[in-house]
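Here's a quick walk through one protein model, written for someone who'd rather be at the bench. Have the viewer open as you read.

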Amino acid sequence: MLDVEVLMPKMGESVAEATITKWLKEEGETVELDEPLLEIATDKVDSEIPSPYEGVLSKKLYKEGDVVQVGKPIAMIGSDSAVAQPSPAAPAAPSQPEPQAPRPAIVSHAPSEVAVAEYPVQTKSGDRFYSPLVRNIARMEGISLDELDNIAGTGNNGRLTKKDLLAYISTRSRNTSANGMATAKTEAPAPEAPVASPEKQEAPAPVSAPAASVSGQDEVIEMDRMRKLIAEHMVMSKHTSPHVTSCVEADVTNLVLWRDKVKNAFEKREGEKLTFTPLFIEAIVKAIKDFPMINVSVDGSKIILKKNINIGMAAALPSGNLIVPVLRNADRMNLLGLTKTVNDLANRARNNKLQPDEIQGGTYTVTNVGTFGNVFGTPIINQPQVAIMATGIIKKKPVVIETPAGDTIGIRHMMFLSHSYDHRVVDGALGGKFVRRVADYLEQFDVNRDI
């Protein structure tokens, strides 16, 4: 029986490392081909890793909680079937393989995406852990590991978060600018207040909310990893973009009547349900074509106009967390294609089967708060995008209907659409016209349409 290496798999172009969160097999246990071997977590998504061989798990090379680079061996499996297909890490000849440079990682950095080189294998300085995202930002800003060690962290056990690092960088830049001005103006009068020595000029810790008081009857629940990432991303978005929200009410009676008419036949023919989400996405895609400046991102003082229309859809997980899988090139799909893609992504999101690349690259996001019975919402922009739409619950209401014979009152299916946008680049006119155009497309839905 030959011992073969199991490598940390590649989890997307922008993912260079992953954390082992749980081993599903113990040493000495039999492992089947493609049977789940362990669970890993990246900055993007959590995944199960299937075994590439069948045999016996002879050795784990890392413990739960360890961070491992992509392509590194993580376990050894004793396998007879692997003789004909050696591990990809083993060289074909006995000669020493040439060292390979670490793969660049793509880091979201308030809010542009910048390709930067990873730090070497080291993930800790002393006893302090730094996530790949934090280390990449530090590398880009020229911050050494020694300097990182001196930055106060607000995360669990004093862990340095992305928010802490960005706040430090902002303060550091102001201090550098101020020191430069003082050097240039050699004849400037001495400052009234004494200046601390350089070794004492440390950046202040980021301002955080006061600590909550806890009584003996309260239960303290630690955030899971995904909730921490969501929290950091949402705070960063509100800090980055001045949010404005516009709302309209749409009469979607034709849409509802059409779906009621075709949904049973569609499910029988295709084996899956026809939900409202692909219908909403289709209307949003049409409106983006009419108003392409909604499909942009911001890089400093530059606006990047996206040619592809990639729609993210917020999906609730059984844990209560949210994830946003992306429908790439949604403008190239017909309604049947949108429906099947939406259902596939939603199902795999609920079962933790998404790949990291499937939650990246979105240019606009929609979230269906009507699923939870909400009338409308004010969603937070999914950076580095500049807009997001929330679709509310569809309810029957008495509505004034204008007819050639005069006004009348009828029962109609009504819903609210709320559109949050980045006021740095999307003004009220554009943001308001866009959500109104989406409502127009929904209201004008053809009740005789085929799918």
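## Aromatic pairs and a charge over a ring

Let's begin with the rings. Keep in mind that this is a predicted model. Searching the whole structure turns up four aromatic pairs. One of them is Phe376 with Phe416, a tilted pair with 5.8 Å from centre to centre and 55° between the planes. This pair ties together distant parts of the chain, as its two members are 40 residues apart. Phe376 sits in the loop between strand S20 (364–368) and strand S21 (387–391), while Phe416 belongs to strand S23 (residues 406–422).

Are these two rings buried or exposed? Neither, quite: Phe376 is partly exposed at a relative accessible area of 44%, and Phe416 is partly exposed too, at 22%. Phe416 misses the buried class because that class needs a value under 20%.

Another ring has a charge for company. The charged end of Arg259 sits over the ring of Phe276, 4.5 Å from the ring's centre.

## The overall picture

Stepping back, the protein has eight helices and 23 strands. It runs to 451 residues, and 40% of them count as buried. Its exposed surface comes to about 24,700 Å², with carbon and sulfur atoms supplying 53% of that.

How much of the contact set joins residues 24 or more positions apart? Among contacts with a separation of 6 or more, such pairs account for 63%.

## Helix H8 and what covers it

Helix H8 covers residues 428–443. With 16 residues at 1.5 Å a residue, H8 should span 22 Å, and its end C-alpha atoms are indeed 22 Å apart.

Which residues of H8 are buried? They are Leu430, Gly431, Phe434, Val435, Val438, Ala439 and Leu442. Their cover includes helices and strands alike: helix H5 (253–270) and helix H6 (277–290), along with strand S13 (243–251), S20, S21 and S23. Two of these names came up earlier: S23 holds Phe416, and S20 and S21 flank the loop with Phe376.

## Strands near the start of the numbering

Strand S5 (residues 46–50) has two faces you can tell apart. Ser47 and Ile49 make up the covered face, whereas Asp46, Glu48 and Pro50 make up the uncovered one. Side chains in a regular strand alternate between the two faces of the sheet. S5 pairs with strand S4 (residues 36–41) in the antiparallel sense over five bridges, and Leu38 stands opposite Ile49 of S5.

There's also an open sheet of four strands, in the order S1-S8-S6-S3, with antiparallel pairing. Strand S1 (2–7) and strand S3 (30–31) are its edges, each pairing on one side only. S3 meets strand S6 (residues 55–60) over two antiparallel bridges, and Thr30 has Val56 in S6 as its bridge partner.

## A hairpin

Strand S14 (residues 296–299) and strand S15 (residues 302–305) pair in the antiparallel sense over four bridges. Val298 has Ile303 in S15 as its bridge partner. The two strands form a hairpin with two residues between them, and Gly300 in that turn has a positive phi of about 65°.

## Backbone oddities and one more contact to look up

Where is the cis peptide bond in the loop between S20 and S21? It joins Gln383 and Pro384, with omega at about 5°, and Pro384 lies in that loop. Phe376 is in the loop between S20 and S21 as well.

Positive phi values also turn up away from glycine. Asp34 has a phi near 70°; it lies in the loop between S3 and S4 and counts as exposed at 54% relative accessibility. Asn329 has a positive phi of about 50° and is found in the loop between strand S19 (326–327) and helix H7 (335–350). At 22% relative accessibility, Asn329 counts as partly exposed.

Finally, take a look at Leu229 in helix H4 (residues 225–240). Leu229 is partly exposed, with a relative accessible area of 30%. Its C-alpha atom is separated by 9.6 Å from that of Thr161, 68 residues away along the chain.

Methods: Residues are numbered from 1 along each chain as its sequence is written. This is a predicted model: local features need pLDDT of at least 70, side-chain atom pairs count only at pLDDT 80 or more; totals for chains, interfaces and linings use all residues. Side-chain values use heavy atoms; hydrogens and water are left out. Buried means under 20% relative accessible area, exposed over 50%, partly exposed in between (1.4 Å probe, protein chains only). Contact means heavy atoms within 4.5 Å. Accessible areas come from the Shrake-Rupley method with a 1.4 Å probe; for residues, only the protein chains shown count as cover. Rings of Phe, Tyr and Trp (its six-membered ring) pair if their centres lie within 6.5 Å; planes under 30 degrees apart count as stacked, over 60 as edge-to-face and the rest as tilted. A charge sits over a ring if NZ of Lys or CZ of Arg is within 6 Å of the ring centre and within 35 degrees of the ring normal. The expected span of a helix is 1.5 Å times one less than its number of residues. Two strands pair if DSSP finds at least two bridges between them.
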